Amino acid sequence: MTQMLQINRTHSLTRLRWLKGDPRRAIGDDAIERQVARLVDRFQSAASAAGFVVRTPTDPRHRGPLVVLQSLDAPALVTQLAQDGIIASSRDNGLRISFHAYNNDADVDAVLAALQSHRHLLEQAVTPTQA
């Protein structure tokens, strides 16, 4: 569960209580898949536009609920995000952010805001004018 994104524990627990049992049964697999894909696309696009190096494929057919950003020190970034109430994980220097049925646009915005405040721990994309 270390990959789960949890912005506000109380809010997330309320949503999970609403989904008590099997969320797929309450919402439906197709609806969950569409919601997660939309959140991943929104997050990935915004992270890329912010200048972060996104390692996750842009083609939705080749990605899942996980977005990986290249970090300069992923374990330190995971610690900083945890202090902001965001649970993420890392592998090597990849910051791993995952979305699920209980996440919404406010969660995406919160992660993006937190990443902006810790951008010194993220690799920045080189633009053609910088090359």
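1. Let's start with Q70, which sits in strand β1. (Helices, H or I with at least four residues, and strands, E with at least two, are DSSP runs numbered from the N terminus.) Q70 is buried, since its relative accessible area is 17%; buried means under 20%, exposed means over 50%, and partly exposed is in between, using a 1.4 Å probe and protein chains only. If you skip the neighbours within four places in sequence, Q70 is in contact with V53, R55, N93, L122 and E123. Contact here means heavy atoms within 4.5 Å.

2. A quick word on what you're looking at: this is a predicted model, where local features need pLDDT of at least 70, side-chain atom pairs count only at pLDDT 80 or more, and totals for chains, interfaces and linings use all residues. Residues are numbered from 1 along each chain as its sequence is written, and side-chain values use heavy atoms, with hydrogens and water left out.

3. Now the sheet. How many strands form it, and in what order? There are three, arranged β1-β3-β2 in an open sheet with antiparallel pairing; two strands pair if DSSP finds at least two bridges between them. β1 (66–70) and β2 (89–91) are the edge strands, each pairing on one side only. On average, neighbouring strands are turned by 35 degrees against each other, direction ignored.

4. Next, check the pairings. β1 and β3 (residues 94–98) are joined in the antiparallel sense over five bridges. Among the bridge partners, V68 goes with R96 and L66 with S98. On the other side, β2 and β3 pair over three bridges, again in the antiparallel sense, and R91 stands opposite G94. The hairpin of β2 and β3 has two residues between the strands, and D92 takes a positive phi near 55 degrees there.

5. Is β3 mostly covered or mostly open? Mostly covered: five of its five residues are buried. G94, R96 and S98 point one way from the strand, while L95 and I97 point the other way. Helix α4 (residues 74–83) lies across β2 and β3, running at about 40 degrees to β3.

6. On to the helices. Two packed helices are described by the angle between their axes and the distance between the axes. Helix α3 (residues 29–49) and helix α5 (residues 105–117) pack at about 25 degrees, with their axes 10 Å apart. That makes α3 roughly parallel to α5. (Axes are lines fitted to C-alpha atoms, for helices over the stretch in contact, and angles run from 0 to 180 degrees between N-to-C directions; under 35 degrees counts as roughly parallel, over 145 as roughly antiparallel, 65 to 115 as roughly perpendicular and the rest as oblique.)

7. Who does the touching? From α3 it's R38, L39, R42, F43, A46 and A47, and from α5 it's D105, V108, D109, V111, L112 and L115. Sorted by type, these residues come out as eight nonpolar, no polar and four charged. (Ala, Val, Leu, Ile, Met, Phe, Trp, Tyr, Cys and Pro count as nonpolar, Asp, Glu, Lys and Arg as charged, and the others, Gly among them, as polar.)

8. One last residue to look at: R34, also found in helix α3. R34 counts as exposed, at 56% relative accessibility. Its C-alpha atom is 9.4 Å from that of A101, although the two residues are 67 apart along the chain.
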